[in-house]
Amino acid sequence: MAFAVNEINRNSNLLPNVTLGYSLYDNCVKLGIGFRAALSLVSGQEEEFMLDESCVGAPPVLGIVGDSSSTRSIAISTILGLYRVPMVSYFATCSCLSDRQKFPSFFRTIPSDAFQVRAMIQILKRFGWTWAGLLVSDDDYGLHAAQSFQSDLAQSGGGCLAYLEVLPWGNDPTELGRIVDIMKKSTACVVIVFAHESHMIYLMEEVVKQNVTGRQWIASEAWTAAAVLQTPDLMPYLGGTLGIAIRRGKIPGLMDFLLRIRPDLHHNNSYGNMINQFWEHTFQCRFAPPPAGWVESGRAICTGDEDLENVDTEFLDLSNLRPEYNVYKAVYALAYALDDMLQCVPGRGPFSRHSCATLQRLEPWQVNFTTPFGDQVSFDENGDALPIYDIMNWLWLPDGRTKVQNVGAVKKSALKGEELTIDEDKIFWNFQSKEPPRSVCSESCPPGTRKARKKGQPECCFDCIPCSEGKISNSTDSTECTSCPEDFWSNPQRDYCVAKKIEFLSYHEPLGICLKTTSLLGTSICAVVLGIFIYHRSTPMVRANNSELSFLLLVSLKLCFLCSLLFIGRPRLWTCQLRHAAFGISFVLCVSCILVKTMVVLAVFKASKPGGGATLKWFGAVQQRGTVLALTSIQAAICTTWLVSSSPAPHKNTQYHNDKIVYECVVGSTVGFAVLLGYIGLLAILSFLLAFLARNLPDNFNEAKLITFSMLIFCAVWVAFVPAYVNSPGKYADAVEVFAILASSFGLLVALFGPKCFIILLRPERNTKKAIMGRMH
């Protein structure tokens with residue numbers, strides 16, 4: 001401060017014709033002493049002095065530079081704010097001091113803790129540390145920082161606090177032991193400390209005692225540069241510390257100013273006495289002989305001409321000017337504010353009615369200047385300087401020495417907002433892996449899972465629950481699983497949706513191939529039998545009981561075999577409409593032929609009896625054809641009505657399987673399908689009953705027996721079909737229906753035409769009229 005005031009007084013462009021003076025007070029790190037010092041300054045109780053004939057009296061107070069502590073700054077600025085006396089602190093960081101209602105005349109050249117907290121949260125995010133412990137000092141500095149940390153961390157979603165502990169004042173082994181034990185047992189390996197170096201000294205004693213290693217420390221600006229902690233005993237624990245540090249600056253000319261300092265041999269003021277003490281300590285000498293009875297050897301008498309350049313002292317170490325740089329900027333801020341007021345012309349000022357400012361009306365926006373180091377200094381509406389911090393890393397060198405190196409910066413600008421830059425390659429990590437540690441309560445949930453918060457624990461502690469079927473999560477740490485679209489389903493890993501497999505009775509699958517082959521085999525057999533019958537059409541076996549009906553029956557059976565192919569393959573509108581119509585008409589045509597053949601057998605038997613000849617005229621060829629056509633037309637009408645009123649159609653069914661789409665034909669009208677089947681069943685039962693009545697007719701070759709057996713097979717197959725069809729899902733329902741068609745068709749083919757083909761081909765001697773009429777005896 002003395003250097004800054006001296007430099008300003010020598011600057012002809014800043015405060016010309018005005019000489020700044022200063023008074024120094026030591027607060028002794030006590031609130032009461034600092035408070036009394038501030039009141040003494042502003043109350044004008046200073047002794048009067050005479051600079052020259054024109055400058056006599058108590059000096060006016062431009063402002064106060066200080067205090068270094070947030071707690072003392074709060075107390076002092078509360079009073080100074082009543083009188084609007086500017087107070088510019090170089091080290092008080094509590095975010096509470098940004099409240100202009102409570103502290104209207106408070107300014108500071110150090111960033112607020114609110115910004116420091118956000119800077120730390122950005123560091124946590126940068127390295128993926130979502131699980132950290134927080135230790136704070138038991139004062140305004142620590143408690144307000146803890147409050148800001150909790151609220152900002154929750155808003156940013158950057159992580160959670162594993163624990164929050166308040167460090168005791170002084171050395172309290174019991175409380176410190178409890179805190180370090182919590183830190184030791186916690187899974188969080190990142191420890192953030194908002195406290196002064198005095199707190200850290202006692203804390204680290206307990207850390208060493210309990211040997212708590214493997215922790216990544218993050219330091220607030222209060223202890224980032226604390227040399228007292230950078231010792232060989234503590235570096236195994238504190239090595240690799242990342243810290244927020246006040247912006248380092250360069251102050252040209254300061255070294256020359258310090259070297260010109262000389263002790264006051266006459267002790268005219270308290271400052272001289274302070275310099276004398278420093279001089280005696282540095283050069284190990286005394287300005288006066290020791291008091292009587294004081295035994296001291298080896299100390300020479302100080303002359304005041306000793307050379308500071310020849311001694312190694314921190315007093316001359318200007319390589320790390322951080323709080324000092326803020327003091328420098330604070331003095332200049334007050335100087336520029338005063339200069340602005342003195343140059344203001346009444347009537348042209350920035351306030352109402354173009355009035356000029358006074359010390360009591362100093363506004364933050366009135367101060368804006370650039371330091372020789374190139375840093376712009378300005379204040380926002382809360383009296384906070386444009387925030388900027390250096391990020392430091394504690395490096396443990398191989399030779400045992402320590403080095404605190406700059407690895408980045410965090411700053412706020414009007415254009416880019418808050419910006420963090422870190423050179424990760426320069427960072428020393430005090431871990432065996434030489435890599436940043438992992439500090440999470442729960443590992444990230446991979447795609448395919450969702451986060452489920454653990455009950456009673458922070459939101460960073462969660463379980464990873466696999467997504468249920470049909471739902472996916474395609475990003476890390478998803479909180480919800482999203483449902484797949486209707487025609488899609490989740491893959492086994494549940495991280496993306498795949499198109500559902502469409503299932504139907506395909507021509508290419510084994511079941512479809514088997515049924516298709518059987519259908520074509522049956523069709524071929526029908527064609528062969530039809531060829532045999534056509535070739536032997538003149539033989540009695542073929543001509544018996546209306547060969548035309550036999551040919552028509554074979555054609556209808558062939559159609560029955562072929563219609564089963566409509567049930568195989570991808571359902572389409574025309575196949576859905578045609579399959580049941582073709583099936584119903586083909587089987588009615590087949591059963592109608594059998595029914596007419598049965599009726600003809602009964603009619604012939606009755607005609608053979610006396611007086612029964614008249615019955616045959618009702619069962620001639622024309623009547624037989626007409627009956628078959630009429631019965632088939634009824635089924636055709638049923639099918640037409642069904643297709644027109646409620647046609648079967650292809651349908652994507654997702655009810656059977658969640659991960660499959662069963663492509664099937666819905667019948668449209670259950671009543672229509674039931675009537676179609678019922679009509680076939682009615683004709684089949686009627687044929688069975690008539691054939692059963694004619695089974696014992698006295699013919700050597702009685703076709704009624706064959707019809708009875710065939711109808712028995714037919715009815716058995718279709719009675720078993722209904723429950724099997726109802727209980728078969730998807731493509732298996734089609735397979736059951738195809739099986740029923742093929743089974744009943746083969747039953748009819750074998751039962752009705754097997755014995756006839758056997759006689760025609762292998763027993764031609766029985767293929768005579770006499771043998772058939774039973775007259776070969």
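This passage describes a sheet, a nonpolar surface patch and several salt bridges in a predicted model.

An open sheet of 3 strands is arranged in the order E24-E26-E25, and its pairing is mixed. Strands E24 (501-503) and E25 (649-653) occupy the edges, where each has a single partner strand, so that one side of each remains without a neighbour in the sheet. From one strand to the next, the twist averages 30°. The pairing of E25 with strand E26 (residues 660-666) is antiparallel and extends over 5 bridges; within E26, Cys 665 is the bridge partner of Pro 650.

On the surface, Leu 520, Leu 552, Val 555, Leu 559 and Leu 562 make up a nonpolar patch of about 350 Å², to which helix H14 (residues 547-563) contributes the largest share, with 4 residues. Leu 552, which is found in helix H14, has a relative accessible area of 31% and is therefore partly exposed, as this value falls between the limits of 20% and 50%.

The count of salt bridges comes to 15. In one of these, the side chains of Arg 118 and Glu 418 meet at 2.4 Å, N to O; because Arg 118 lies in helix H4 (residues 113-126) and Glu 418 in strand E17 (residues 417-422), the pair ties together parts that are 300 residues apart in sequence. Arg 118 is partly exposed, at 28% relative accessibility, and Glu 418 likewise counts as partly exposed, at 29%. A salt bridge also links Arg 438 to Glu 443, with the closest N and O atoms 2.5 Å apart, and Glu 443 is partly exposed at 48% relative accessibility. Glu 165, Glu 175 and Arg 178 are joined into one network by salt bridges that share partners.

Notes:
Residues numbered from 1 in each chain as written. Predicted model: local features only at pLDDT ≥ 70, side-chain atom pairs only at ≥ 80, totals over all residues. Heavy atoms only, no water. Pairing = 2+ DSSP bridges. Helix = DSSP H or I, 4+ residues; strand = E, 2+ residues; numbered from the N terminus. Axes fitted to C-alpha atoms, helices over the stretch in contact; angles between N-to-C directions. Patch = residues over 30% accessible without salt bridge, like charges linked within 9 Å, V, L, I, M, F, W, Y side chains within 5 Å. Areas by Shrake-Rupley, 256 points an atom, 1.4 Å probe, with all protein chains shown as cover. Salt bridge = Lys/Arg side-chain N within 4 Å of Asp/Glu carboxyl O. Buried < 20%, exposed > 50% of the residue type's maximum accessible area, 1.4 Å probe, protein only.
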